[in-house]
Amino acid sequence: MLIKETHADVQTTANGKTTSMRIFLFDPTIPGYPNARFPGVVLFSEIYQVTGPVARFARQIAGQGYIVAAPSSYHDFTGPEPLAYDVPGTDQGNEWKVTKTLESYDEDVTQTVSYLLSLPTCTGRLGATGMCLGGHLALRAALHPKISSTVCYFATDVHARTLGPNSGANTSSTAPADSNHTLDLLSRITGEVSMIFGIKDTHVPDAGRDLIRQKLREAGVVFSFHEFAWAQHAFIRDELSKGRYDPAITKVCFEVLLEQFGRVLKTELGESDGKKQEVEHVC
């Protein structure tokens, strides 16, 4: 499927501040069918904003028949240009990650979802995905009632409640009072979620992954949980990944995304009957 690439600048207001957020758009096109409509996918980037690897990931998804919208998360502090995959770029991205407020992150979701829904080429069915910081933001986007399918790649800071301004890591299984952290809001998710991790990921250790899985179960979320034995952090990044890029596992994970998005976003299922499925215990 062919792809048209454009961008849109939308206004966001959070914490009393209005800024302009650029949304990079990757639209599937079918020659001869100008009125074709497609589901939408919000794609959140890692701490470097929309880099080459993120754009290539967006094109792969768009080529399968999804309108992909990739917002520039750090519009509160800078323009839409990507940060470099070097020490200064990493330090800056990590600093802004915890300076930006959860209110601002949530406003980004609201505005990106609203923009996708405004497009005449969008069916109105929406999903979310992302890697690293973006994996967390995709999971947080799943809290939005319009997001019905989410695939998160090595989501950071979920288990430690360290996204946005914070006083330090908190990996307790008990939610702090009045918590607005993603880990403590999972019961709001109404769609389906897939979590993808590498077991060798030092950013999300065994205990962190176990906590996320536990909290998803407690919240009653419909989810799949995938862990790959030899995968490290950033294993899907095909550029400057410090030797961690694994194309074979990346291919498997993309099939996970395509299966879930295809089943949930493209299939017209109608409304759920809300009945709990009883699984028969047979051999």
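**Exercise 1.** Where does UniProt place the feature "domain: Dienelactone hydrolase"?

*Solution.* The unreviewed UniProt entry puts this domain at residues 34-263; such annotations may be inferred rather than shown by experiment. This is a predicted model, in which local features need pLDDT of at least 70 and side-chain atom pairs count only at pLDDT 80 or more, while totals for chains, interfaces and linings use all residues. Residues are numbered from 1 along each chain, and side-chain values use heavy atoms, without hydrogens and water.

**Exercise 2.** Work out the strand order of the sheet and find its edges.

*Solution.* Start with the pairing rule: two strands (DSSP E runs of at least two residues) pair if DSSP finds at least two bridges between them. Following the pairs gives an open, mixed sheet of 8 strands, β1-β2-β4-β3-β5-β6-β7-β8. Next, β1 (2-14) and β8 (222-228) each have a single partner strand, so one side of each lacks a neighbour in the sheet. As a check on one pair, β6 (residues 147-153) and β7 (residues 192-198) run parallel and share 5 bridges; S149 has E192 in β7 as its bridge partner.

**Exercise 3.** Test the length of helix α3, then list its buried residues.

*Solution.* Helices are DSSP H or I runs of at least four residues. The expected span is 1.5 Å times one less than the number of residues. For the 17 residues of α3 that should be 24 Å, and the end C-alpha atoms are 24 Å apart, which agrees. Finally, apply the burial cut-off (under 20% relative accessible area, 1.4 Å probe, protein chains only): L102, S104, Y105, E107, D108, V109, T112, V113 and L116 are buried.

Notes
Buried means under 20% relative accessible area, exposed over 50%, partly exposed in between (1.4 Å probe, protein chains only).
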